[in-house]
Amino acid sequence: DVAGIQLISMDLYFASKDPSLGVTIEIRKTLNGSPTAQVLTFGRKHLRSSQVSTSTDGSAATVVVFDGPVFLSTTEEYCFVVIPDGSSPEYQLWISKTGGTDVATSQPVHSDLFSGSMFMSTNNLAWKPMIDEDIKFTLYRAGFTTNSANAGVVTFYNKANEYLSLTGINGNFKQGEMVYQVNATAQTTG
């Protein structure tokens, strides 16, 4: 067993957004500390513009609830990537910059709060580290109990798919074309 957490949601804090285009948030693996293209299972969530909250002081959270728990191992490094639809420049996130001033408290920012780094990319391939900046965010993980009285049961079902083999095909079929027969009855020859 690998130790880790199940990430269920996160809060992001936007200063501005596009009035019509949405944004996608991805949880990805990293390689040598930089983001990769590998998105984790359930680690992608698209939000419409209407689902994104903005504020002038970093106080309004945009809640990102993933479609299922995202497993994060304690032995790996991960990142989250924010991708505006159509590369809209209207999306801006609240960040903390070392040497800057906290807009909510007016207190100076003396240091980075996290051990990781923020990266910027214009093409989702080349990533430039922003060493003295951090995005404002909150992560939420699932909590589990070991009490057997609260134990749950999971039942898995296969989809009701039928498979068939065709021989002696008359006509041409296109790849991906759906083939079915309506009101079919079995016939035998005597």
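These are legends for five close-up views of a predicted model.

**View 1. An all-strand chain, seen whole before zooming in.** The protein has 12 strands and zero helices, so a walk along the sequence reads β-β-β-β-β-β-β-β-β-β-β-β. Of its 190 residues, 24% come out as buried. Take the contacts between residues at least 6 apart in sequence: 69% of them join residues at least 24 apart.

**View 2. T62 and what sits around its side chain.** T62 belongs to strand β5, which covers residues 62–73. Is T62 buried or exposed? Its relative accessibility is 1%, and because buried means under 20%, T62 counts as buried. The side chain of T62 gets to within 2.9 Å of a backbone atom, the nitrogen of S53. Once neighbours within four places in sequence are set aside, the contacts of T62 are M10, D11, L12, F14, L47, Q51, V52 and S53. So S53 turns up twice in this view, as a contact of T62 and as the owner of that backbone nitrogen.

**View 3. E26 with two arginine partners.** The structure holds three salt bridges, and two of the pairs to look for here are E26 with R28 and R44 with E26. For E26 and R28, the N to O distance is 2.6 Å; for R44 and E26, the N to O distance is 2.8 Å. What does the R44 and E26 pair tie together? R44 is in strand β4 (residues 34–47) and E26 is in strand β3 (residues 23–31), so the bridge connects parts that lie 18 residues apart in sequence. As for surroundings, E26 and R28 are both buried, with E26 at 5% relative accessibility. R44, at 48%, counts as partly exposed.

**View 4. K45 and D67, a bridge between strands β4 and β5.** K45 and D67 form a salt bridge whose closest N and O atoms are 2.8 Å apart. The pair links distant parts of the chain, since K45 sits in strand β4 and D67 in strand β5, 22 residues apart. D67 is exposed, with a relative accessible area of 58%. For the network picture, go back to the previous view: shared partners join E26, R28 and R44 into one network of salt bridges.

**View 5. The largest pocket, and C79 on strand β6.** The volume of the largest pocket is about 1500 Å³. How many residues line the largest pocket? There are 45, and the ones nearest its centre are F80, V81, M118, F119 and I135. By type, the lining splits into 25 nonpolar, 16 polar and four charged residues. Strand β6 (residues 78–84) gives the most to this lining, namely seven residues. C79 is also found in strand β6, and at 16% relative accessibility C79 counts as buried. Not counting residues up to four places away in sequence, C79 touches E26, I27, R28, K29, T30 and P35. That list includes E26 and R28, the two residues that meet in a salt bridge in the third view. For a backbone reference, the C-alpha atoms of C79 and G33 are separated by 8.9 Å, although the two residues are 46 residues apart along the chain.

Technical notes: Residues are numbered from 1 along each chain as its sequence is written. This is a predicted model: local features need pLDDT of at least 70, side-chain atom pairs count only at pLDDT 80 or more; totals for chains, interfaces and linings use all residues. Side-chain values use heavy atoms; hydrogens and water are left out. Helices (H or I, at least four residues) and strands (E, at least two) are DSSP runs, numbered from the N terminus. Buried means under 20% relative accessible area, exposed over 50%, partly exposed in between (1.4 Å probe, protein chains only). A polar contact is a pair of N or O atoms within 3.5 Å; within protein, one must be able to donate a hydrogen and the other to accept it, and residues adjacent in sequence count only if both atoms are side-chain atoms. Contact means heavy atoms within 4.5 Å. A salt bridge is a side-chain nitrogen of Lys or Arg within 4 Å of a carboxyl oxygen of Asp or Glu. On a 1 Å grid over the protein atoms alone, a cavity is a set of points where a 1.4 Å probe fits but cannot get out, and a pocket is an open set with protein on both sides within 12 Å along at least five of seven lines; lining residues have an atom within 4 Å of a point. Grid points are joined across faces, edges and corners, and a volume is the space filled by probe spheres set on the points. Ala, Val, Leu, Ile, Met, Phe, Trp, Tyr, Cys and Pro count as nonpolar, Asp, Glu, Lys and Arg as charged, and the others, Gly among them, as polar.
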